[in-house]
Each structure stands twice: as structure tokens, then as C-alpha cells.
Amino acid sequence: MSFKRGYLIYLGVLGIFAAAALIYVLVLLRQYEKSQPEQQVWKAVDELSAQAADGSFSSLYELPEAEPGAFEEGRDIRKEYLALYSRRDDMTLTKSGSSIKGDTLEYQVECGGVVIAKVGLKAEGSPVTKLAVFSMQDWAVDYVRPEMKARDYTLTVPETFTVTLNGTPLEGKPEKDRLRTYTASGLYLPPDFSITDGTGGSADYSIRNGRVLAEYYDYNLTLPSSLTVQVNGETWKGKSEGEDKVRYEITVLEQPSVIISDYYGNTIEYDGEDKLPLTDCFITADQRYTVEVDGAPVPKQAVTRTENPDYRHFAEYAENLPQVCTYSVAVLKEDAEITVADGQGKPVKLEKGSGPYKFLNHGDVLDEVPREVSSQIDVLKVAQDWSLFMSNDMAFSRIKSYLIPSSYQYEAARKYASGADITYTSEHTLANPAFTGNKVGNFCRITDNCFSVDISFVKHMRLPSGTPVDDTMNDRFYFVKYDDPSDSEKEAVWKLVGMEEIIDDRK
């Protein structure tokens, strides 16, 4: 026998063995499929369906008398229940209960989310394992128990959704996180819920043990105001959540495309799961400060300019008062470098995690009033005279020389001097010395013709009874160099234009 002929015979024998093995596996797979317990359950379901169709169901199984409730009014509950057994494509099987020594099983037969029967199985013979992976066990139907009983349902969806049951609108109960819960009771047949969103689209749903589970996507994001959010290509408007925070509530039926972008060229597609890489902070600073991100200035779109409220009472008397800039810094990357420098270019340290930050001094703060200013005005005397005026120890005619006529501070003093409040000042005498603990500091030149300075002291008084009374002052005083337009011969002089109690240290 030649080698070629022997080789061909060898290949033929191998082919026969391979075909036999394949046929054996196919037969084994069919046996495995037939041995699955669900097959026996489906056979029982088919028998129930036949019995419901030929009218023998009612004589074989006892069903309760069912009175339709508000959501099933006018319907023949028994007739429609029996019709459920003809809806084989709408049925599902769910294993329930617990096995006893591995030889019993129970399955629930559901149609439209409603359990219509329970089928119990018992094992026959011993389990058989073939080819080491196919474990088979014969099963037989032990019992069949049709179920027809009233059921309750609960559904929780966003408050923007509308819910009807069998055509009847439902009233929901408000819950936290913009949700609303709807409940319905006393239904025998599969419920027909209509769940629509604000655009009229309908949500799919499933029912599990009385819980109606609507299918929708609900993203809730709270982000810095300078980030932009787009949903399916359209800019999504959020709701302000206080200083520099915007809340975005995205509730849609189909999975959305959510794109978040910053002013620095970074874009991220958000899937509702992953945490956003983000470096952000909120900075309020004098306009002469500079704020940079990774070496580049913060874009104008992320900066808001407003008038400084501390200057509102004297802004008309001082030119070029610095505005307040608010920076919403938000970068879609981890550990972006944010740097701040004051009006002289001196770096300012940002304590990580301690924001929001406030830097409202545009220049260096001095411990004392500079010589060129102190030689023109004694700010401590002005403050002490004002204190004397407030305790009715100095007349308005004397204090008004420190003030600009018709200014806010002037009018406040004039109204106080002529009002009823000053008459309530208790009779007293000044101690000697009248003032102690004098402190003048934190001098800040706001512009060339405007400055602020912090002044504190204690004024000592004594009532006619001899009781000592101390009045503490700790205020920030604002001064403007004022040139009286009605007197062209006089030079401009410093005038008191504002004051405020100091609660926190200057930042």
C-alpha cells in the first residue's frame, strides 16, 4: 500500500470519528435543552392556555369573585384574566421560592408584569453529568396554581413627568430630589401605565413585585458657572445654586449626549457615572489683581466686573475707583495651576480648599498713615470728633467741616443732629483722658485721591450717678481729597466720606 493511499484512509477514519462526535454533541445538547425545568413549566402553561380556551379552566381551578375597582370599572375581570393565557409571547418565567434538598422548584408565570400562575416541579431520578460539563436532571410538574388577586402598584418618576393608569390621570406625592410617587391599588389585570415626559415622549417600563420601573435617564450635575453644558447638541440651561454654582437637571427618555466644556479648550463627554476631572475656585478681587490659569489670563467670559459696594456712598467724589472682579475659574483637568498676584505683581498664596477667596486691597497695606497724608489731616482727631458728635459732646456745626456738603456722610450727620435719636443720649461727662487705646493702622491708598484707614479707641464717660460708661469704636474710615467747586482759591482737602464697623480683619 502506498503512503498516499494510507494517508487518505487515515484522514477518512478521522473524518468519520469527528462526524460521530459532532452528532453525539448535537444529540446531547438537545437532551440538555429538554431536561431544563423551564420546559416542563412551559408545557404546564400550554395546558392552562388550552383549558382557558376550551372552557374547562373554571371547573378545574377555583377563582375568587373579583369586583373591579376604580381603575378597572366596567371590565369583566374573569374573562380578561383567562384571556391572558393566550398571550404566550407576553409571558415570562421567574424562579421563586427555595428548593428543598435540590429536588423541588417553583416558578412564577407572569403576563404584563402580573403573576397569573405558579408551577411547582419535583425532580425525578438522579442527576446525570455527561462530557464533564452537561449536568442533567429530569423534572415533572408537581402542582399548578393559577392566581387572580388584587394588587397594588407604586411608581416614582421625576416631577416633570405625567402618569396615567388605564387612561385615568394619577396624582403623585412629592418626594425629595424632584421626584413624585404614584400609587394605585386593587387591580387584578395587567395595568396600562402611560408615563410621559415634558415633551410628550412616552417612557417604557417594567413591573417587578408591584414596583413600576420607568426607563429614563436622569443626570444631576452641580458645576461652576463658567462651564458650558450641551445636551444632544443644544446648550442646556441650569438653575443658580448660589455663589458660582449652577445645577443642571437632565431628564430624558433616550440616553443623551452630554458634552461639558470650559473656556480653556477642554471638552468632556459625560456619561452620568464618571467623576469629572476638575480644578475650580471662585475669586473676588480688586480689578488691579491678576488671575492666571496655567500661565494664561482668565478669559473675559469667566470674569464679572461690579462696583465695589464699600465705595457706593462716595463714588461720585472719587475718580477711577477700582471695581471688583469675580473670577469663576473652572478647568476640566486635574491640578491646573491657578496663580494670583496683587496690584504690584506680588504673588498671593491660595490655601487649597479654603475658597472662595477675597482680595479687595489693590495695593500694600501700611501700618501707619504716610507722612504726606498725616501732614494734611489728623485722621485720629476726625474719628474722635465724630465719636464726640455721636454722644452729643460736639455740635454738628463743628463736625460738618470734615464733610462734603450734600454727601451721604454729611446728610447722615445732619439728620442725626436734627432728629430724635440724639435726644436720647444720656447725660454724662467725659473722663480725663476721654480716649485711650488709640490705634491707627491698615492704611490703604485706594486711588491717589482716596484712602481708607482703620481706627480704634475707647471713649470714657461718666453718668451723673458716677457710673462709668465706655464706648468702643473700631471702624474703617474713608477719606477723599475734595476740591470745593464753589471756591477756586482753596486747595483740595481731605474729607470724611464714609465709615463702617470692622467685623473681620481686612482681607
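In which strand is the place of P433? P433 sits in β28, the strand that runs over residues 429–447. It is a good spot to start a tour of this predicted model, since the peptide bond that joins N432 and P433 is cis, with an omega of about 5 degrees. If you have the structure open, have a look at that bond before moving on.

From there, let us turn to a small sheet. Three strands make up an open sheet, and their order is β13-β17-β16, with antiparallel pairing. β13 (217–224) and β16 (239–240) are the edge strands; each has a single partner strand, so one side of each is left without a neighbour in the sheet. As a reminder, strands of a sheet pair through backbone hydrogen bonds, either parallel or antiparallel. Between β13 and β17 (residues 245–252), the antiparallel pairing runs over eight bridges. To find your way along this pair, pick out L223, whose bridge partner in β17 is V246.

The same region is a handy way into the charged side chains. Side chains of opposite charge can pair when their charged atoms come close. The structure holds 19 salt bridges, and one of them links D218 with R178 at 3.3 Å, N to O. D218 belongs to strand β13, while R178 is in the loop between β8 (173–174) and β9 (179–187), so this salt bridge ties together parts that are 40 residues apart in sequence. The two partners sit in contrasting surroundings: D218 is partly exposed at 28% relative accessibility, whereas R178 is buried at 14%.

R178 deserves a second glance for its backbone too. Its phi is near 65 degrees, which is a positive value in a residue other than glycine. N209 shows a positive phi as well, near 50 degrees, and N209 is likewise not a glycine. N209 is found in the loop between β11 (205–208) and β12 (211–214). Is N209 buried or exposed? With a relative accessible area of 78%, N209 is exposed, while R178, at 14%, counts as buried.

Back among the salt bridges, E249 and R247 also meet through their side chains, again at 3.3 Å from N to O. R247 is partly exposed, with 23% relative accessibility. Elsewhere, D471 and K459 form a salt bridge whose closest N and O atoms are 3.9 Å apart. D471 lies in strand β30 (residues 468–482) and K459 in strand β29 (residues 450–462), so the pair ties together parts that are twelve residues apart in sequence. D471 is partly exposed, at 33% relative accessible area, but K459 is buried, at 1%. Some salt bridges share partners, and in this way R178, D218, K239, R247 and E249 are joined into one network.

What about the cysteines? A disulfide is a covalent bond between the sulfur atoms of two cysteines. This structure holds zero disulfides. C281 is buried with a relative accessible area of 11%, and C325 is buried at 2%.

Now for the interior. In soluble globular proteins, nonpolar side chains tend to be buried together. Here, the largest nonpolar core has 46 residues, and those with the most contacts inside it are F57, Y81, Y85, I116, L155 and F193. Helix α2 (residues 37–54) gives the most to this core, contributing six residues. To see the surroundings of one core residue, centre your view on Y81: leaving aside residues up to four places away in sequence, Y81 touches F57, L63, I116, P146, E147, M148 and L189. There is also a second, separate core of 31 residues, and V369, F443, I455 and M473 are among its members.

Helix α2 makes a fitting last stop. α2 has 18 residues and reaches 26 Å from its first C-alpha to its last, close to the 26 Å expected at 1.5 Å a residue. Its buried residues are P37, Q40, V41, W42, A44, V45, L48, Q51 and A52. When you read that list, it helps to recall that an α-helix has 3.6 residues a turn, so residues three or four places apart point the same way. Just after α2 comes G55, which takes a positive phi of about 90 degrees.

Notes:
Residues numbered from 1 in each chain as written. Predicted model: local features only at pLDDT ≥ 70, side-chain atom pairs only at ≥ 80, totals over all residues. Heavy atoms only, no water. Pairing = 2+ DSSP bridges. Helix = DSSP H or I, 4+ residues; strand = E, 2+ residues; numbered from the N terminus. Salt bridge = Lys/Arg side-chain N within 4 Å of Asp/Glu carboxyl O. Buried < 20%, exposed > 50% of the residue type's maximum accessible area, 1.4 Å probe, protein only. Disulfide = S-S within 2.5 Å. Core = buried A, V, L, I, M, F, W, Y, C linked by side-chain atoms within 4.5 Å. Contact = heavy atoms within 4.5 Å. Expected span 1.5 Å × (residues − 1).
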